[in-house]
Amino acid sequence: DWKGPIKSMDDMYMAVHMPKYVGTSSDTEIHKKGSKYWDSNKGMDTNKDDKVTKSEAAAGASKWYKTNQ
């Protein structure tokens, strides 16, 4: 759970999928190679640096929002 307002699309995505990351910076690492959830989330690692950041995870939702607002 989090406290405080949702200030970005990244936070909105995290509120649904990983609430503990709401309010953290967009470059917060949420998955890294070798972690429990890496295999199912490595496709979000767009820059291929072996970690998924909050902004990479939320990129699809952010793109949809910008296109459809």
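1. Two salt bridges are present in the structure, which is a predicted model. Side chains of opposite charge can pair when their charged atoms come close, and the two pairs are taken in turn below.

2. In one of the salt bridges, the side chain of D11 meets that of K54, with an N to O distance of 2.4 Å. This pair joins distant parts of the chain, since D11 belongs to helix α1 and K54 to helix α3, with their positions 43 residues apart in the numbering. Both D11 and K54 are buried.

3. The side chains of K42 and D39 form a salt bridge as well, at 4.0 Å from N to O. Here K42 is partly exposed, because its relative accessible area is 41% and the partly exposed class lies between 20% and 50%. D39 counts as exposed, because its relative accessibility is 63%, and the cut-off for that class is over 50%.

4. Two packed helices are described by the angle between their axes and the distance between the axes. For α1 and α3, the angle is about 110° and the axes lie 8 Å apart; the two helices are therefore roughly perpendicular to each other, given that angles of 65 to 115 degrees fall in that class. On the α1 side the contact is made by M9, D10, D11, Y13 and M14, while α3 contributes K54, S55, A57, A58, A61, S62 and Y65. Sorted by class, this contact of α1 with α3 comprises seven nonpolar, two polar and three charged residues. Both partners of the buried salt bridge, D11 and K54, are found in this contact.

5. The buried residues of α1 are D10, D11, Y13, M14 and A15, and the buried residues of this helix pack against strand β1 (29–32) as well as α3.

6. The largest nonpolar core is made up of ten residues, namely Y13, M14, A15, Y21, V22, I30, W38, V52, A57 and A58. At least two residues of this core come from each of α1 (9–17) and α3 (54–68), and α1 gives the most, with three residues.

7. Which residues does V22, a member of this core, touch beyond those up to four places away in sequence? The answer is W2, D11, M14, A15 and K54. Among them are M14 and A15, which belong to the largest nonpolar core, and also D11 and K54, whose side chains meet in a salt bridge.

Terms used: Residues are numbered from 1 along each chain as its sequence is written. This is a predicted model: local features need pLDDT of at least 70, side-chain atom pairs count only at pLDDT 80 or more; totals for chains, interfaces and linings use all residues. Side-chain values use heavy atoms; hydrogens and water are left out. A nonpolar core is a set of buried Ala, Val, Leu, Ile, Met, Phe, Trp, Tyr and Cys residues joined through side-chain atoms within 4.5 Å. Buried means under 20% relative accessible area, exposed over 50%, partly exposed in between (1.4 Å probe, protein chains only). Helices (H or I, at least four residues) and strands (E, at least two) are DSSP runs, numbered from the N terminus. Contact means heavy atoms within 4.5 Å. Axes are lines fitted to C-alpha atoms, for helices over the stretch in contact, and angles run from 0 to 180 degrees between N-to-C directions. Angles under 35 degrees count as roughly parallel, over 145 as roughly antiparallel, 65 to 115 as roughly perpendicular and the rest as oblique. Ala, Val, Leu, Ile, Met, Phe, Trp, Tyr, Cys and Pro count as nonpolar, Asp, Glu, Lys and Arg as charged, and the others, Gly among them, as polar.
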